[in-house]
Amino acid sequence: MAQAQTNEQMKAQLTEANQRSEVQISEGVTCGGKTLLIVGGPCSVESSEQMHTVAKALNKKGINAIRGGVYKPRTSPYAFQGMGEEGLAILGEISKTYKMPVITEVMSEKHADIAVHTADVLQIGSRNMQNFELLKHIGKLDKPVILKRGLSATLDEFLMAAEYIMAGGNNKVILCERGIRSYDTATRNVLDLGGVVALRQMTHLPIIVDPSHACGKREMVADLARAAIACGADGLMIECHPQPEKSVSDARQAISLEHMLEIVESLVPIAEAVGRKMPGTVGSTNKRESVVSLSLRDAMASELHSIRHEVDRLDATIATLLEKRLLLAMEVGELKAELKLPIRDVKREEAVLDMVAKHCSIPQIAKKVREIYKSIMEASRILQKEEAQDKESKVA
Ligand code: PEP
Ligand code: MN
């Protein structure tokens, strides 16, 4: 019979050396080191547009990971159950576009095997903290995991759940305190910050805090987030949404993207006070120069991506409008032919050039726009000429 593990052999246990673990979740993003892990995103992935809006906003502030549930553990079987694989594809697109690690919950081995190819981090939700078969399966994967504390789990039970994952060989476990059940219904759950402090003395694993599920009310999220960082949490996971009241799940606790950015801003001095650093900021004194410059480069690369995304959207609009404009020019060409007017009308062209230049507020840009419009009008004339020749050859 197999010998039971003794306490001395526990993999999650903090050793005498007090050495804390750092879990790498993607290139340049870790949890458990000096830099905090700040995760934002909606409770559920609802559409590609929603996720792009969220990612774009979060990326600007250097928030280093995005969440979104596609398999949702809902209390009622009749409530929205998540977008499933369609939602996963959206997360894949977000991760690629914004170079931002994505986090999503899995509720079964099957979900894990599908999501492992897209997600940078798999989340085990509170309701599955003691789903031991699922934990064993996750233990065999080479993927970081956020393990949320069970609805009414003790800290020992919480650490034993982590142990199930680590026993299988997967040491990339991040614990997440998200509130526990109590008798008081004033808040959705009770955020156990004392438990966070206790955990830091029990385990070397990184510990993040989810204030959203803990309190269930958007007006409480900011204060709890700040308290969590002040008491030594390695990061936060906060639910935010472009239109919080319209969230398909957990709307009451969802905060706006603007509010999310304000919270991040307010965390800077708190992080500094406890010797930590917010992602996307350059720390004043630290020995990890290379990590700092790497995260700065990452932030700049993300900014480049996000600007290019905006440029692509503008180009698509410009192309559609140009097509419309050239089609109108062809109609004008037909009328000119019938009225026996010449194709080129220099006065009219000058008037157009002046008009478009007037729409630009920067003189240097106005000059360039004038040049671009000269080409557009040349294209119009060529189309009008081609159209006229076409007609002539048909008549002949
Ligand atoms: C969630 O993160 O969306 C979630 C369902 O959390 P929890 O498992 O903590 O309830
Ligand atoms: Mn939620």
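**A manganese site and two domains**

In this predicted model, the manganese ion (ligand 2) is held by four kinds of protein donor atom, namely C43 (SG), H213 (NE2), E239 (OE) and D250 (OD), which lie 2.0 to 2.4 Å from the ion; donors here are N, O and S atoms within 2.8 Å of the metal (3.2 Å for Na, K and Ca), and because water is not among the atoms, sites may look incomplete. Along the chain these donors follow the spacing C-x169-H-x25-E-x10-D. C43 and D250 link distant parts of the chain, 207 residues apart, with C43 in the loop between β3 (37-41) and α1 (48-60) and D250 in the loop between β10 (235-239) and α9 (257-273); helices (H or I, at least four residues) and strands (E, at least two) are DSSP runs numbered from the N terminus. C43 is buried, with a relative accessible area of 7%, where buried means under 20%, exposed over 50% and partly exposed in between (1.4 Å probe, protein chains only).

The domain assignment, which is automatic or taken from a database, divides the protein chain into domain 1 (2-291) and domain 2 (297-395). To their contact, meaning heavy atoms within 4.5 Å, domain 1 gives 10 residues and domain 2 gives seven residues. The C-alpha centres of the two domains lie 49 Å apart.

L322 lies in helix α10 (residues 289-338) and is partly exposed, with a relative accessible area of 30%.

Residues are numbered from 1 along each chain as its sequence is written, while chains are lettered from A and ligands numbered from 1 in the order in which they are written. Local features need pLDDT of at least 70 and side-chain atom pairs count only at pLDDT 80 or more, whereas totals for chains, interfaces and linings use all residues, and side-chain values use heavy atoms, with hydrogens and water left out.
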